Amino acid sequence: MAISRVDVTEAATIIIDRLRREHGELMFHQSGGCCDGSSPMCFEKGDFRIGSSDVWLGQIHGCDFYMSEDQFEYWKHTHLTVDVTPGRGASFSLEIPLGIRFLIRSRLFEMEELNQLPPVHVGPAEA
C-alpha cells in the first residue's frame with residue numbers, strides 16, 4: 001500500500017468544503033516563504049499558475065497539492081499534514097477572510113515508508 005506524501009485533518013476538510021461551495025474547485029501550493037512564511041495556500045483551481053518547476057505531491061480532499069521543486073528537495077523525506085488554526089495569515093489564500101489559516105504539520109518518514117512513497121511529477125498536471 002502506498003503512503004501518501006500529504007494528508008489533511010478533519011478540521012481542514014471542513015474549511016475546504018466551505019471554500020469549495022463558495023469558490024468551486026480548489027488547489028493548494030505550499031508557499032516557500034516570504035511574507036506568508038511557509039504556508040499551504042489555497043486558490044481557486046487555475047488561479048495559481050503551476051510552473052514547470054512545481055512538484056505535484058498528491059491530492060488532499062480532492063484538491064491537487066504542489067510545491068516548488070527547490071523546496072521539495074528539502075521536504076522530500078517529510079510527510080505533510082494540512083491543518084487549520086485561528087488567526088489571519090499574511091497571504092492571498094482563500095481562507096484568510098474567515099479569520100483562520102492553513103498550516104503544515106510535518107514529520108519525517110520512517111525508513112520503511114520511504115520505499116512505499118507514490119511518485120511525484122514536476123510541472124502542471126496533465127489535462
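Visitor: In this predicted model, is Lys 45 buried, exposed or partly exposed?

Guide: The model is a predicted one. Buried means under 20% relative accessible area and exposed means over 50%, with partly exposed in between. Because the relative accessibility of Lys 45 is 46%, this residue counts as partly exposed.

Visitor: With which residue does Lys 45 form a salt bridge?

Guide: The closest N and O atoms of the pair are 3.7 Å apart, and the cut-off for a salt bridge is 4 Å. Lys 45 sits in the loop between strand S3 and strand S4, while its partner sits in the loop between helix H1 and strand S2, 20 residues apart. That partner is exposed, with a relative accessible area of 55%. The residue is Glu 25.

Visitor: Why does Asp 64 have no salt bridge with Lys 45?

Guide: Asp 64 is found in strand S5 and is buried. Lys 45 is the nearest side chain of opposite charge. A salt bridge requires the nitrogen and oxygen to lie within 4 Å, so the pair does not qualify, the distance being 4.1 Å.

Visitor: With which side chain does the side chain of Asp 64 make a polar contact?

Guide: Asp 64 is in contact with several residues beyond four places in sequence, among them Leu 26, Phe 28 and Trp 56. The polar contact between side chains has a distance of 3.0 Å. The partner is Gln 59.

Visitor: Which residue meets Arg 105 in a salt bridge?

Guide: The N to O distance of this pair is 2.7 Å. Arg 105 lies in strand S7 and its partner in strand S6, so the pair ties together parts that are 22 residues apart in sequence. The partner is buried, with a relative accessible area of 11%. The residue is Asp 83.

Methods: Residues numbered from 1 in each chain as written. Predicted model: local features only at pLDDT ≥ 70, side-chain atom pairs only at ≥ 80, totals over all residues. Heavy atoms only, no water. Helix = DSSP H or I, 4+ residues; strand = E, 2+ residues; numbered from the N terminus. Buried < 20%, exposed > 50% of the residue type's maximum accessible area, 1.4 Å probe, protein only. Lys, Arg positive; Asp, Glu negative; His and termini not counted. Polar contact = N/O pair within 3.5 Å; in protein donor to acceptor, adjacent residues only side chain to side chain. Contact = heavy atoms within 4.5 Å.
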